[in-house]
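Subject: Structure handover and notes

Dear colleague,

I am passing the structure below on to you, together with some notes on what came out of going through it. Please read the notes with the coordinates open beside them.

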Amino acid sequence: MTRAVEPLQQTSTARQSAAPALPFYTNGMRIGLLGGSFNPPHAAHRAISLFAIKRLRLDRVWWLLTPGNPLKSHDGLHALAERAAAARQMADDPRIDISCLEAVIGVKYTVETIIHLRRRVSGVHFVWIMGADNLAQFHRWKDWRRIAADVPIAVIDRPPQSFRALAAPAAQALARYRMPENQAARLADQRAPAWVFLTGMKSTLSSTGLRNPDGSWRTA
């Protein structure tokens, strides 16, 4: 059962960020979900989103800013409001929306977020977007098999992670559900499990590389 009361208890964080829990949508839309700490948001986040919109024929991409990644240290993690403001400035495209949904509904795991969206926004065709570096550790995510069974996944190649990602346990376990790259535009309409590995996005920029030792952000 999803948490129905917690959104009312945790809205202060979302209000501070000025990012709505659920951005605009209508039934039938094809929406990509790009989750992460965005600490800081950077040009590769934007490039990946526009790349996914084009290759997957999406209507929009939602950046889901997590309060804190369970698999990463929170040292140097900037306030959610600061990250949301920076993300909005970086996105700079009407098709990219910023959401603090996880803080509003009080969850920290992707599987919980997807369960919530599937129950509350059932008329939308969602696609989860991740980099190849995340596919390499996908088997460490909480209930990763449930995630794969609930939403189609688009994996964006991030050299030099390609070989490691495709050889990882999750990619091997889901190999029979992988779609040919030339059918990527059909992914949002597929019943999960279904995933595609998209090549051609060569940016190696990362949030980790843009953080100083003290946790402050660099711009390049």
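Strands here are DSSP runs of E of at least two residues, and they are numbered from the N terminus. R30 is found in one such run, strand β1. Please keep in mind throughout that this is a predicted model.

To begin with the chain as a whole, its secondary structure comes to 10 helices and six strands, and buried residues make up 49% of its 220 residues. Of the contacts between residues at least 6 apart in sequence, 79% join residues that are at least 24 apart. The accessible surface comes to about 10,700 Å², and carbon and sulfur atoms account for 50% of that area.

Returning to strand β1, R30 has a relative accessible area of 13%, and because the cut-off for buried is under 20%, R30 counts as buried. A polar atom of the R30 side chain lies 2.6 Å from the backbone oxygen of A185. Once residues up to four places away in sequence are set aside, R30 touches L56, R57, L58, D59 and R60, and also H125, A185, A188 and D189.

In the loop between β1 and α3, which spans residues 43-56, sits P41, and this proline is buried as well, with a relative accessibility of 8%. P41 and L65 are 24 residues apart along the chain, and their C-alpha atoms are separated by 9.8 Å.

Helix α6 covers residues 110-120, and its buried residues are T110, V111, T113, I114, I115, H116 and L117. Which elements do the buried residues of α6 pack against? They pack against the strands β1 (30-36), β2 (60-65) and β4 (125-131), and against the helices α5 (101-105) and α8 (144-150).

Helix α8 contains D150, which at a relative accessible area of 14% is likewise buried. The side chain of D150 makes a polar contact of 2.7 Å with the side chain of R146. Leaving out neighbours within four places in sequence, D150 is in contact with I114, I115, R118 and A192, and both I114 and I115 are among the buried residues of α6.

D150 also comes up in the survey of empty space. The second largest pocket has a volume of about 290 Å³, and of the 18 residues that line this pocket, the closest to its centre are R118, V124, H125, F126 and D150. The elements that give two or more residues to this lining are α6, β4 and α8, with α6 providing the largest share, three residues. By type, the lining of the second largest pocket divides into 11 nonpolar, four polar and three charged residues. H125, listed here among the residues closest to the centre, is also one of the residues that R30 touches.

As for enclosed space, the count comes to one cavity of 30 Å³ or more, and the largest cavity has a volume of about 40 Å³. Which residues line the largest cavity? Its lining is made up of A148, V151, I153, L174, Y177, P193, A194 and W195. By type, these lining residues divide into eight nonpolar, no polar and no charged, in which respect you may like to set the cavity beside the second largest pocket, with its four polar and three charged lining residues.

With best regards

Note on methods:
Residues numbered from 1 in each chain as written. Predicted model: local features only at pLDDT ≥ 70, side-chain atom pairs only at ≥ 80, totals over all residues. Heavy atoms only, no water. Helix = DSSP H or I, 4+ residues; strand = E, 2+ residues; numbered from the N terminus. Buried < 20%, exposed > 50% of the residue type's maximum accessible area, 1.4 Å probe, protein only. Contact = heavy atoms within 4.5 Å. Areas by Shrake-Rupley, 256 points an atom, 1.4 Å probe, with all protein chains shown as cover. Polar contact = N/O pair within 3.5 Å; in protein donor to acceptor, adjacent residues only side chain to side chain. 1 Å grid on protein atoms, 1.4 Å probe; cavity = no way out; pocket = protein on both sides within 12 Å on 5 of 7 lines; lining within 4 Å. Points joined across faces, edges and corners; volume = space filled by probe spheres on them. Nonpolar A, V, L, I, M, F, W, Y, C, P; charged D, E, K, R; others polar.
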